[in-house]
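Welcome! Take a moment to look over the sequence and the model, and then we can walk through some of the details together.

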Amino acid sequence: MVTQTIRLVLGDQLDRELSALQDLGPNDLVLMAEVREEATYVKHHKKKIAFLFSAMRHFAQALKDDGIIVRYRSYDCPNNQGSLLGELRELIEELQPERVVVTHPGEYRLLKSMQQWSSQLKVEVEIREDSRFYASLGEFEQWAQGRKTLRMEYFYRQMRQQHRILVDDKQPTGGQWNYDTENRESPPADLKPPIALGFKPDTTTQAVLELVESEFADHFGELLPFKFGVTRAQALQVLEYFIKTRLAEFGRFQDAMVTDEPWMYHSLISFYLNCGLLRPQEAVDAALAAYEQQQAPLNSVEGFVRQILGWREFIRGFYWLKMPELKHANTLNAKRKLPELYWGGATKM
C-alpha cells in the first residue's frame, strides 16, 4: 500500500473534524505520538499529562474503529523517537509519502519548529488553519489593526454581532452587552453546589496512570484521584450535566469562593475544549438553548458565553498577535524574585 499523506494529530487536537483530517484519503495515515520533547519542555501537572495521554489513546482507537489507518507511538515504546520531528522522520523514511499535513498548533514554539520541517524532512509540509475557533487569527489581527489598546469587551461585542449570539437587530439581548455586575453575589451559608461529574478510569486510563507515576515522578501535583472524562462521549456528558445542574446559578456565583467547595457552579469543561473533545460552538449553543427554553437566566448564559466567545477567543488572538515579543515582555518592570510563600503556599488566605 502506498501512503499518500501523513496526517499528524497533536494531543490538543482530538477532534474528528480537525482541518488536518479533512479530505482524508483511504491510503492516508494518521500519526499520533506521546513524545518526551512535548511532555517535558516544562514540567506539567501529572494529571494533565495523564489526561492528555489517555484522551489521545482513546481518540486514536476511535479513528481505528472508523477504519482509519493510525500509527500511534506510546511514551514507553522502545522505538519512541522522543520528538514529533523524529517520529515523522522515521515514518517518512519508511513510507515515502507525498506530503505531511498538520493543523496549526496552539504554541508559537511548536509552530516555529513546524515551519522548518519541510526543509528538514525533504517533503511538503502543509500547515492548515485551526478552524475550531470562532475567529481566525487573520480576523483578530484585522480587528486589532490601528487600535491603541486592545479591549476584550469590544472584541466580544463584535463577535456577538458577527455570529448573531444574544443579539436582537444588532442590539444586545436584554439591553446590555455585559451582565457582570449581576454575577458577584455572595453565596449563602447553606449553599450546596451539585457534585462534580466524574468517571472511573478504564483499563487504558489505568495503564496511563501507571506510566505517568513511573515516568513523571518529578513533576508536580497529585495523580490520584483521577476522575476526568477521556472520550468525546464523556466530554459531552460533562457539558450536558453542567447545563442541567450548574448553568442556572453559574452567573450569580461565578466569582465566589467557598471553603471545601472547589468547583462551585463552574462548568469544568475547559480541558475538554482545549484538547478538542468539545467544540466551543457546542458549548455556546447548549447554553443558548437553555436560555431559550427558560432553563437558565440571561446573566448566567451571557457570563458563560463571554468566557468562550470573549476571553478564550481574545486571549488566543492576543497571544499570536504579540508573539514572540510577548514571551519576554515586562510591562510592569518586575525585577524582584517571587517570595517563598508563592512557592510554598503558606499564606493566611
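Which residues form a nonpolar patch on the surface? In this predicted model, the patch is made by Leu338, Leu341, Tyr342 and Trp343, with about 500 Å² of accessible area together. One of these residues, Leu341, sits in helix α14, which covers residues 340-344. Leu341 is partly exposed, at a relative accessible area of 48%.

Just along the chain you can find Ala334, in the loop between α13 (325-328) and α14. Ala334 is exposed, with a relative accessible area of 55%. Try tracing from Ala334 back to Phe304: the two are 30 residues apart in sequence, and their C-alpha atoms are 33 Å apart in space.

**Salt bridges**

How many salt bridges does a search of the whole structure find? The search finds 25. Here are some of them.

| Salt bridge | N to O distance |
|---|---|
| Glu17 and Arg279 | 3.7 Å |
| Arg128 and Asp23 | 3.2 Å |
| Glu302 and Arg306 | 2.8 Å |

Glu17 and Arg279 form a salt bridge. This pair links distant parts of the chain, 262 residues apart: Glu17 is in the loop between β1 (5-8) and β2 (29-33), and Arg279 is in the loop between α10 (270-275) and α11 (280-292). Glu17 counts as partly exposed, at 49% relative accessibility, whereas Arg279 counts as buried at 16%.

The side chains of Arg128 and Asp23 also meet in a salt bridge. They too link distant parts of the chain, with Arg128 in strand β5 and Asp23 in the loop between β1 and β2, 105 residues apart. Arg128 has a relative accessible area of 14%, under the 20% limit, so it is buried. Asp23 is at 52%, over the 50% limit, and therefore counts as exposed.

Glu302 and Arg306 lie in one helix, α12 (residues 298-322), four residues apart, or about one turn of the helix. Both of these residues are buried. Elsewhere, salt bridges that share partners join Arg7, Asp23, Asp28, Arg99, Glu126 and Arg128 into one network.

**A look at Arg132**

Is Arg132 buried or exposed? Arg132 is buried, with a relative accessible area of 12%. You can find Arg132 in the loop between β5 (124-128) and α5 (137-144). A polar atom of the Arg132 side chain lies 2.9 Å from the backbone oxygen of Asp12, and a polar contact of 2.8 Å joins the side chains of Arg132 and Asp130. Beyond its neighbours within four places in sequence, Arg132 is in contact with residues including Gln13, Leu18, Cys275 and Pro280.

Key. Residues numbered from 1 in each chain as written. Predicted model: local features only at pLDDT ≥ 70, side-chain atom pairs only at ≥ 80, totals over all residues. Heavy atoms only, no water. Patch = residues over 30% accessible without salt bridge, like charges linked within 9 Å, V, L, I, M, F, W, Y side chains within 5 Å. Areas by Shrake-Rupley, 256 points an atom, 1.4 Å probe, with all protein chains shown as cover. Salt bridge = Lys/Arg side-chain N within 4 Å of Asp/Glu carboxyl O. Helix = DSSP H or I, 4+ residues; strand = E, 2+ residues; numbered from the N terminus. Buried < 20%, exposed > 50% of the residue type's maximum accessible area, 1.4 Å probe, protein only. Polar contact = N/O pair within 3.5 Å; in protein donor to acceptor, adjacent residues only side chain to side chain. Contact = heavy atoms within 4.5 Å.
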